[in-house]
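Subject: Structure for you to look at

Dear colleague,

I am handing over the structure below, and after it I set out what was found. Please read the notes with the coordinates open beside them.

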Amino acid sequence: SDVCSSDLFKADILVVVAHPDDEIMAAAYLAREIYDHQKRVAIVFQNPGDGGVNEVGPGQGVTLGAIRQIEGRMAAGSLGITNVWFLNGHDTYSQNPLTSLEHCGHGTCLDQLVRIIRITQPSVILTWLPDFTTGENHSDHQASGVLATEAFDMAGDPTVFSEQVSPAINPNLSQQMTEGLSPWQPEKLYYFHNPTHFDFFAGRGPQYSSQEMSPSRHVSYASLAAKENTYHASQGGENVQQEIDNHTLETSGNEIAKIANGPTRFILGKSLVPSGVTEDVFTGVVAAGILFQGPPHYVAVKYSQPTLLIGDPWSFYQKLWQAHGMDHLATIVPTEVTVHTDGLLYIPLVIENPLGQAIRVNFSVQAPDGWKVRPLAPVSVDPHAHYQVRVQVDAPSTKLPGWQNFLVSGESDGKSLGTVPIRVELSSGWVAPQ
């Protein structure tokens, strides 16, 4: 029989995030759906948050992760969410999602998440936007969105992790068993995000006010979201509790309070049922589920001339959108990054050489005043090869206003290989390294 036949683990919404407390991004919306639309919710955390700060004690590393797991379960429980899962990832201090996926064991985490989708059988998955933007831009946030995107398109395919869907033989007699799950195709995939600019959200998904009052709880959804976050004591939840007690949530400068008070903004990644982009999250959802609908998969670009391109992680995301049939999201954010004052900007480049002979490539960089470009020697690229190199630029010691725009050009034998643009936001606050 199906593992979900008892309905114990069935979820209408599966939230896939990185760390315990990331659920604050959708907590006001989740409160709305749980209390006033009787939706069932489960949460998956990519890692226990074993690399963050601890505002209530000295515990760090594995100990902090253990503490934050309990906080995450208690916080979710305050909204009536009892099905909480943790993948085998670890908190990764970076802006690059590929470092997080490497650190968590990409294949292992994906195996685990596909299994959880098949157990919980959600109609809708909510997750972090897998894209590179200015702001906190935590690698784990992006990685959890990558995993959710991949698992969305895998869980309904019986040829993916087939041991999970093969029926167990003589389960009472043998311990060497396959798992007996059923493939499951989620119907809709939505992203949330917390960048420094929100212009790219407009018209790309539904938005929900947190200031509305819950008919069943008689308080605002913002208040329910903020109360949920108070259980994350190690991450400053007690500060949010003070905002609640002092009735200052709406005027607070606290980052979590601002998120709780602001609208929940979604970007529609994909819908496999009829639904307008900005229509309600559950528009078109079929309660009984739908058949598997496979993604288009990645098709390699064939270059006819030497070409200069942006490298990873931006290159990775360009391929990810194509592979999962979401080209509509490929250009919503220009190539951008946040760099700390006195920090180091890396601009990764890829040179594609489809020719039958080696080429020698020279580079030029247009940089704003105050930035110091480190010398980059010409490189030789073998025939039918691609070559990866990085431009390194030292940031100014003081914050400069507005976008800092760079152009990197390549040239070989007097012919242009193209130009790579990137815009940079300088920050004097917390910024993870690239």
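H384 sits in the loop that connects β14 (379-381) to β15 (385-394). I begin there because H384 is not a glycine and yet has a positive phi, of about 50°, and please bear in mind throughout that this is a predicted model. The residue H384 is exposed, its relative accessible area being 61%.

A second residue belongs beside it in these notes. Q38, which is likewise not a glycine, has a positive phi, near 55°, and is found in the loop between α1 (27-37) and β2 (41-45). With a relative accessible area of 58%, Q38 is exposed. As background for reading these two backbone angles and the peptide bond described next, most residues other than glycine have a negative phi, and most peptide bonds are trans.

The peptide bond in question is the one joining D312 and P313, which is cis, with omega at about 10°. P313 belongs to the loop that runs between β9 (307-310) and α9 (314-323).

I turn next to a pair of helices. Two packed helices are described by the angle between their axes and the distance between the axes. For helix α6 (residues 221-229) and helix α7 (residues 237-245), the axes come within 8 Å and cross at roughly 145°, and the crossing is left-handed. On the α6 side the contact is made by A226, K227 and N229, while α7 contributes G237, V240, Q241 and I244. Sorted by character, the residues of this contact comprise three nonpolar, three polar and one charged.

Finally, there are the cysteines. How many disulfides does the model contain? The count comes to zero when a disulfide is taken as a pair of cysteine sulfur atoms within 2.5 Å. C104 is therefore in no disulfide, since the nearest cysteine sulfur, that of C109, is 3.3 Å away. Seen from the other side, the closest cysteine sulfur to that of C109 is in C104, and at 3.3 Å the separation is too far for a bond. As for their surroundings, C104 counts as buried at 6% relative accessibility, and C109 is also buried, with a relative accessible area of 0%.

With best regards

Terms used
Residues numbered from 1 in each chain as written. Predicted model: local features only at pLDDT ≥ 70, side-chain atom pairs only at ≥ 80, totals over all residues. Heavy atoms only, no water. Axes fitted to C-alpha atoms, helices over the stretch in contact; angles between N-to-C directions. Helix = DSSP H or I, 4+ residues; strand = E, 2+ residues; numbered from the N terminus. Left-handed = near helix turned anticlockwise from the far one by under 90°. Contact = heavy atoms within 4.5 Å. Nonpolar A, V, L, I, M, F, W, Y, C, P; charged D, E, K, R; others polar. Buried < 20%, exposed > 50% of the residue type's maximum accessible area, 1.4 Å probe, protein only.
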